[in-house]
Amino acid sequence: MQKVLWCCAELDIAYERTDWGGPFGGNQDPEYLKLNPNGLVPTVIDGDLVMWESNTICRYLAATRNGERLYPKDPVSRTHVERWMDWQLAVVGPPMDNCCSAWSAQSRGARSCRDRSGTATRARGLDDCR
Ligand SMILES: N[C@@H](CCC(=O)N[C@@H](CS)C(=O)NCC(=O)O)C(=O)O
């Protein structure tokens with residue numbers, strides 16, 4: 001989600017924000033799941049378009065909001081952006097997801113949570129995730 005907020009700030013995009021997930025909850029409500037069947041944040045609505053997955057959202061925003069500086073059209077320049085996006089998703093994302101789940105469970109007062117692999121993880125808080 002932070003990636004999307006950062007992208008909006010870089011491109012000076014105005015938006016209306018509604019908080020879901022974590023301590024705010026609501027992201028497993030049927031109404032939210034209709035927008036994003038993963039029950040995760042962020043979800044972005046632009047007109048009739050509903051988007052999820054932050055990298056996809058950032059690419060869309062760059063492509064539609066004059067963001068070539070962030071997402072170059074030139075294929076060679078673009079590889080430098082895409083490899084870091086792919087690296088984040090494949091390498092950094094999974095362990096961060098587990099931290100995020102632990103934090104989310106802890107903020108709900110739960111003693112444990114399930115990470116994306118279905119493994120039960122004790123909610124120890126962010127200190128143990130550093
Ligand atoms: N690959 C997804 C990951 C989304 C994700 O994991 N979001 C977390 C926030 S760290 C989430 O919604 N967790 C459930 C919750 O906060 O209740 C993306 O980049 O959009």
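## Around the ligand, step by step

At 16% relative accessibility, N27 counts as buried (buried is under 20% relative accessible area, exposed is over 50%, and partly exposed sits in between, with a 1.4 Å probe and protein chains only). This is a predicted model, so local features need pLDDT of at least 70, side-chain atom pairs count only at pLDDT 80 or more, and totals for chains, interfaces and linings use all residues. Residues are numbered from 1 along each chain as its sequence is written, and side-chain values use heavy atoms, with hydrogens and water left out.

**Exercise 1.** Find which elements the chain has, and in what order they run.

*Solution.* Start by counting: the chain has four helices and four strands. These are DSSP runs numbered from the N terminus, H or I over at least four residues for helices and E over at least two for strands. Now read along from the N terminus, and you get α-α-β-β-α-α-β-β. For a sense of the whole, 28% of the 130 residues are buried.

**Exercise 2.** Work out where N27 sits and what surrounds N27.

*Solution.* Place N27 first: this residue is in the loop between helix 1 (2-10) and helix 2 (30-35). Next, list the contacts (heavy atoms within 4.5 Å). Skipping neighbours within four places in sequence, N27 meets W20, G21, Y32, L33 and G39. Finally, look at G39 again: its backbone oxygen is 2.9 Å from a polar side-chain atom of N27.

**Exercise 3.** Describe the shell around the ligand: which residues come nearest, and what classes make up the shell?

*Solution.* Collect the residues with a heavy atom within 4 Å of the ligand, which is what "near" stands for here. There are 13 around the ligand, and N27, V41, E53, S54 and C100 come nearest. Sort the shell by class and you find five nonpolar, five polar and three charged residues. For the sorting, Ala, Val, Leu, Ile, Met, Phe, Trp, Tyr, Cys and Pro are nonpolar, Asp, Glu, Lys and Arg are charged, and the others, Gly among them, are polar. Then ask who contributes: helix 4 (residues 75-107) gives the largest share, four residues. Domain 1 (2-64) and domain 2 (75-129) both supply shell residues, so the ligand lies between them; the domain bounds come from an automatic or database assignment.

**Exercise 4.** Find how far S54, V41 and G22 place their N or O atoms from ligand oxygens.

*Solution.* Take the side chain first: a polar atom of S54 is 2.5 Å from a ligand oxygen. For the backbone, an N or O atom of V41 is 2.8 Å from an oxygen of the ligand, and one of G22 is at 3.0 Å. Now the areas: alone, the ligand exposes 510 Å², and the protein buries 78% of that (Shrake-Rupley with a 1.4 Å probe; for residues, only the protein chains shown count as cover).

**Exercise 5.** Is S54 buried or exposed, and which side chain has a polar contact with S54?

*Solution.* S54 is found in helix 3 (residues 54-64). At 9% relative accessibility, S54 counts as buried. The side chains of S54 and K3 make a polar contact of 3.4 Å. That term covers N or O pairs within 3.5 Å; within protein, one must be able to donate a hydrogen and the other to accept it, and residues adjacent in sequence count only if both atoms are side-chain atoms.
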